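I am opening a notebook on a structure that is new to me, and I will write down what I look up, step by step.

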Amino acid sequence: PRGSLTQRRGRAGRVRAGVAIHLVSSHRYAALPPQQTPELLRVPLERAALRAKRLFPEALIADTLAALPQPPALGAVRSATATLVSLGALDPAVDRAAGQAATSEALTPLGCHLAALPLDVRIGKLCLLGAMLGAADPATTIAAALTCKSPFAAPFGSPGVRAEVDLAKLQLAVGGSDHLTLLNAYESWRAIRSTKERAAFCQQHFLSSRTLDAIGATKDELHAALREIGMARGGGGRQAAAAHEDAELLKALLVGAMWPRCAKVELPSGGKPARRGADADAPPPPVKLKIKDDTGVGSASLHPSCVLARQAAALKASYCVYGEAHKSGSGAVMLREATPVPPLSLLLFGGRLRHDAKAGMVGIDDGWVRFRLAPEAAELILAVRRMLDDLLSRKWEAPRSDTAAQERMLLEGVRELLAMGR
């Protein structure tokens with residue numbers, strides 16, 4: 001903004017005569033906005049909405065935010081509120097007699113925990129789910145990596161360097177997932193004890209050791225925050241599982257954390273297997289996606305930095321979850337931080353299930369994502385989902401309580417189901 005340039009220009013001449021030089025053309029300067037847009041008007045509102053509800057529990061979120069000097073748009077507030085409901089952080093109070101939403105929202109126990117964590121609500125829920133389901137260590141590693149900048153650093157150089165970086169990233173790729181690739185990169189780096197060997201590993205894979213150190217420090221802070229609210233009790237067992245070992249469980253946790261950021265995948269070449277022979281080295285066809293947001297269903301594509309964009313030919317999943325979507329200069333919607341997920345992960349950790357027994361369909365939330373299931377399979381999925389939701393609800397309310405033998409059996413059963421449904 002022009003205001004920042006004017007402020008910086010004022011620094012010249014405070015002690016002695018000086019000159020301010022700005023590397024911007026006059027045409028560009030004239031096009032700059034006078035002042036920077038307030039943060040509340042340019043960032044996602046979920047966390048602000050959660051804090052507003054925590055500070056003023058009796059008031060509607062929209063009313064609280066509307067009282068600010070520069071309030072966000074009502075549509076953006078409604079979208080944030082709907083996202084919090086989908087994540088299970090907010091439960092609209094309902095008039096049971098009329099079946100209509102009442103005049104207040106209620107913060108759920110999960111929402112209280114999310115409000116206590118200094119994180120984006122989705123990243124916070126990933127940490128909480130990981131702690132509940134015995135995967136706190138890998139979940140907090142992924143959360144820390146998403147909080148920091150990418151450890152994959154492309155040095156300045158010829159255009160061919162970018163291709164080398166992508167190839168080095170693919171060597172660490174796990175399951176076509178950006179999230180699991182970040183986890184694998186960090187765990188592989190951490191497993192190396194020698195400082196010299198760590199430096200060589202970073203150089204080989206175009207990784208920033210400074211960023212990896214920052215991820216480790218952030219991870220420690222997340223563990224401390226989880227312990228403070230009673231969600232983490234230290235390591236043990238499968239807490240430090242590698243990316244390959246608990247890949248299916250971690251994909252399911254990502255569904256629970258990122259929902260409803262889910263995209264339908266149109267498989268390349270009509271879903272045919274990976275190419276062989278002379279065509280194997282050719283660039284993969286672009287992955288075509290469909291996403292749904294407040295404006296309806298639209299097309300999207302993967303950002304070139306996504307692992308999945310480079311492994312499209314081997315893609316088998318019909319859905320993927322993603323971290324963020326943004327428009328490119330041409331207006332096309334690009335998705336970043338994508339992970340392909342199986343249907344079972346969506347059914348067990350996605351939004352609320354709706355069963356249409358007559359049509360033999362099980363839909364999630366508004367039904368845009370739905371699956372045709374045999375009656376026996378649908379009943380099994382619905383029963384497991386009810387038990388899992390009940391277990392998590394009890395844990396959100398009393399996180400320090402011990403896990404009963406029956407609850408441990410349920411969690412092990414969910415793990416085995418996810419492993420079978422890959």
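The entries below go from the whole chain to its core, one helix and the aromatic pairs.

**Entry 1, the whole chain.** I began by noting that this is a predicted model, and that the protein chain averages a pLDDT of 83, with 87% of the residues scoring at least 70. Over residues 94-103 the pLDDT is below 50, and I found eight contacts for this stretch beyond near neighbours in sequence. I marked residues 273-278 in the same cautious way, since pLDDT stays under 50 there, with nine contacts beyond four places in sequence. I then looked up the make-up of the chain, which has 17 helices and ten strands, and I noted that 43% of its 422 residues count as buried. Among contacts between residues at least 6 apart in sequence, 65% join residues at least 24 apart.

**Entry 2, the core.** Which residues touch the most other members of the largest nonpolar core? I found Leu 128, Leu 253, Leu 346, Phe 349 and Val 369 in that role, within a core of 93 residues. Helix H13, residues 247-258, gives the most to this core, with nine residues. I followed Leu 346 further and, leaving aside neighbours within four places in sequence, listed its contacts, among them Val 255, Trp 259, Tyr 319, Val 369 and Phe 371. A second, separate core has 14 residues, including Ile 291 and Tyr 322.

**Entry 3, helix H16.** I looked up helix H16, residues 375-397, whose 23 residues reach 33 Å from first C-alpha to last, close to the 33 Å expected at 1.5 Å a residue. Its buried residues include Ala 378, Ile 381, Arg 385, Leu 388 and Trp 396. I noted that the buried residues of H16 pack against several elements, among them helix H7 (121-132), helix H15 (343-349) and helix H17 (405-420).

**Entry 4, aromatic pairs.** How many aromatic pairs does a search of the whole structure find? The search finds two. The rings of Tyr 186 and Trp 189 have centres 5.8 Å apart and planes at 45°, so I recorded this pair as tilted. Tyr 186 and Trp 189 are separated by about one helical turn, because they are three residues apart in helix H10. Tyr 319 and Phe 371 form an edge-to-face pair, 5.5 Å centre to centre with 65° between the planes. Tyr 319 lies in strand S6 and Phe 371 in strand S10, so this pair ties together parts that are 52 residues apart in sequence. I closed the entry by noting that both Tyr 319 and Phe 371 are buried.

Conventions:
Residues numbered from 1 in each chain as written. Predicted model: local features only at pLDDT ≥ 70, side-chain atom pairs only at ≥ 80, totals over all residues. Heavy atoms only, no water. Core = buried A, V, L, I, M, F, W, Y, C linked by side-chain atoms within 4.5 Å. Buried < 20%, exposed > 50% of the residue type's maximum accessible area, 1.4 Å probe, protein only. Helix = DSSP H or I, 4+ residues; strand = E, 2+ residues; numbered from the N terminus. Contact = heavy atoms within 4.5 Å. pLDDT = per-residue confidence, 0-100. Expected span 1.5 Å × (residues − 1). Phe/Tyr/Trp six-rings, centres within 6.5 Å; stacked < 30°, edge-to-face > 60°.
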